[in-house]
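Got the viewer open and a selection box ready? Let's take a walk through this one, stop by stop.

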Amino acid sequence: MSQHASTPYRTPQTAPPARSLPRRDMRDTNRGPFTPPATALTSQRPQQSLELAQRYELLNRLGLPPVANEDFDELARDMATQAGFLYGFVNLFLEEQTFVGLHQPPADSGFVIVGRTMSRDHGWCPEVMARRKALPLHDVHASPRFSGNAVVDAVGIRSYFGAPLIHESGTVLGTVCVIDPEKRPLREARRIRDITINTGAQVMDHMSRAPLR
């Protein structure tokens, strides 16, 4: 694992830096049916609205509310630990990117502390959703296509590896991913990519164990 203490992104203060990504309360309390806000459907293009409705319908059938979940937090932590990354996410792609599983540095680490949601337009998970397969970026600046991204400036990210969450019905619910302020050697790309793919399979297995309604 790389030594993050020497990275330029770490700050000396003991208090966490300002949160650059939006935060909201996501307590796992609502087990009843849930629907997307009306504005979430009407503000999307027709295809996006259909896909969003399909995701909510499937989550309802699986009995999985789109809120923080300890099991998914654990899977995100295990994925990040195996990969040697600071941040790990289990991400449902709803009206916002919604991190039902999240692992990140401690609040007093000096690294950026992120919230449980992020705009659908930010990061590299939208690309994973579109391509429906894993995206390994050992150095996000190695390609102009992926270098210009709000997350690079907000969190100081240099490496990203993500994989889609595809239900057996064909619905893409979201992604799993790891991000880090250090780039990775190209020789490690396959190993880290496989970690995210395997974690995605574990997440889908966990989701599928819930009884369909």
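## First stop: the last helix

Select Ser208, which sits in helix α7, residues 189-208. One thing to keep in mind while you click around: this is a predicted model. Ser208 is partly exposed, with a relative accessible area of 40%. Now add Glu168 to the selection. The two residues are 40 apart in sequence, yet C-alpha to C-alpha they are 9.2 Å apart in space.

Stay in helix α7 and pick Asp205. Asp205 also counts as partly exposed, this time at 44% relative accessibility. Which residue should you show with it? Try His167: the C-alpha atoms of Asp205 and His167 are 9.4 Å apart, with their positions 38 residues apart in sequence.

## Zoom out

Switch to cartoon and color by secondary structure. You should find 7 helices and 6 strands. Going along the sequence, they come in the order α-α-α-β-β-β-α-β-α-α-β-β-α. If you color by accessibility instead, 52% of the 213 residues count as buried.

## Two cysteines, no bond

Next, select Cys125 and Cys177 and show their side chains. How many disulfides does the structure hold? The count is 0. Cys125 is in no disulfide, and the nearest cysteine sulfur, that of Cys177, lies 3.8 Å away. Why no bond? A disulfide needs the two sulfur atoms within 2.5 Å, and the 3.8 Å from the sulfur of Cys177 to that of Cys125 is therefore too far.

Buried or exposed, these two cysteines? Cys125 has 4% relative accessibility, so this residue counts as buried. Cys177 counts as buried too, at 4%.

## Salt bridges

Time for some charged side chains. As a rule, side chains of opposite charge can pair when their charged atoms come close. Here the count comes to 8 salt bridges, and three of them make good stops.

Begin with Arg145 and Glu127, whose side chains meet in a salt bridge at 2.6 Å, N to O. Arg145 belongs to helix α5 (residues 144-147) and Glu127 to helix α4 (residues 125-131), so this pair ties together parts that are 18 residues apart in sequence. Turn on a surface and look for Arg145: this residue is exposed, with a relative accessible area of 58%.

Then go to Arg184 and Asp180, which form a salt bridge with N and O 3.3 Å apart. You may want to hide the surface for this pair, as Arg184 and Asp180 are both buried.

For the third, select Arg193 and Asp194. Their salt bridge has its closest N and O atoms 2.9 Å apart. What about exposure? Asp194 counts as partly exposed at 30% relative accessibility, and Arg193 is partly exposed as well, at 27%.

## A negative patch

Bring the surface back and color by charge. Select Glu70, Asp71, Glu74 and Asp78 together: these four gather in a patch of negative charge on the surface. To place the patch on the cartoon, follow Glu70, which is found in helix α3, residues 70-83. Glu70 is exposed, with a relative accessible area of 70%.

## An unusual phi, and a glycine across from it

Now for a backbone stop. Select Arg132, in the loop between α4 and β4 (135-137). Check the backbone torsions here: phi of Arg132 is near 60°, a positive value in a residue other than glycine. Arg132 counts as partly exposed, at 42% relative accessibility.

Keep Arg132 on screen and add Gly174. Where is Gly174? This glycine is found in strand β6, residues 172-180. At 0% relative accessibility, Gly174 counts as buried, whereas Arg132 is partly exposed. The two are 42 residues apart in sequence, and their C-alpha atoms are 9.6 Å apart in space.

## Before you close the session

If you'd like to save a few views, here is a short list:

- Helix α7 with Ser208 selected, plus Glu168 as its partner for the 9.2 Å C-alpha distance.
- Cys125 and Cys177, with the sulfur-to-sulfur distance of 3.8 Å drawn in.
- Arg145 and Glu127, with the 2.6 Å salt bridge shown.
- The negative patch of Glu70, Asp71, Glu74 and Asp78.
- Arg132 with its positive phi.

Technical notes. Residues are numbered from 1 along each chain as its sequence is written. This is a predicted model: local features need pLDDT of at least 70, side-chain atom pairs count only at pLDDT 80 or more; totals for chains, interfaces and linings use all residues. Side-chain values use heavy atoms; hydrogens and water are left out. Buried means under 20% relative accessible area, exposed over 50%, partly exposed in between (1.4 Å probe, protein chains only). Helices (H or I, at least four residues) and strands (E, at least two) are DSSP runs, numbered from the N terminus. Patches are made of residues with over 30% relative accessible area and no salt bridge: like charges are joined within 9 Å, nonpolar side chains (Val, Leu, Ile, Met, Phe, Trp, Tyr) within 5 Å. Accessible areas come from the Shrake-Rupley method with a 1.4 Å probe; for residues, only the protein chains shown count as cover. Lys and Arg count as positive and Asp and Glu as negative; His and the chain ends are not counted. The place of a charge is taken as NZ of Lys, CZ of Arg, CG of Asp or CD of Glu.
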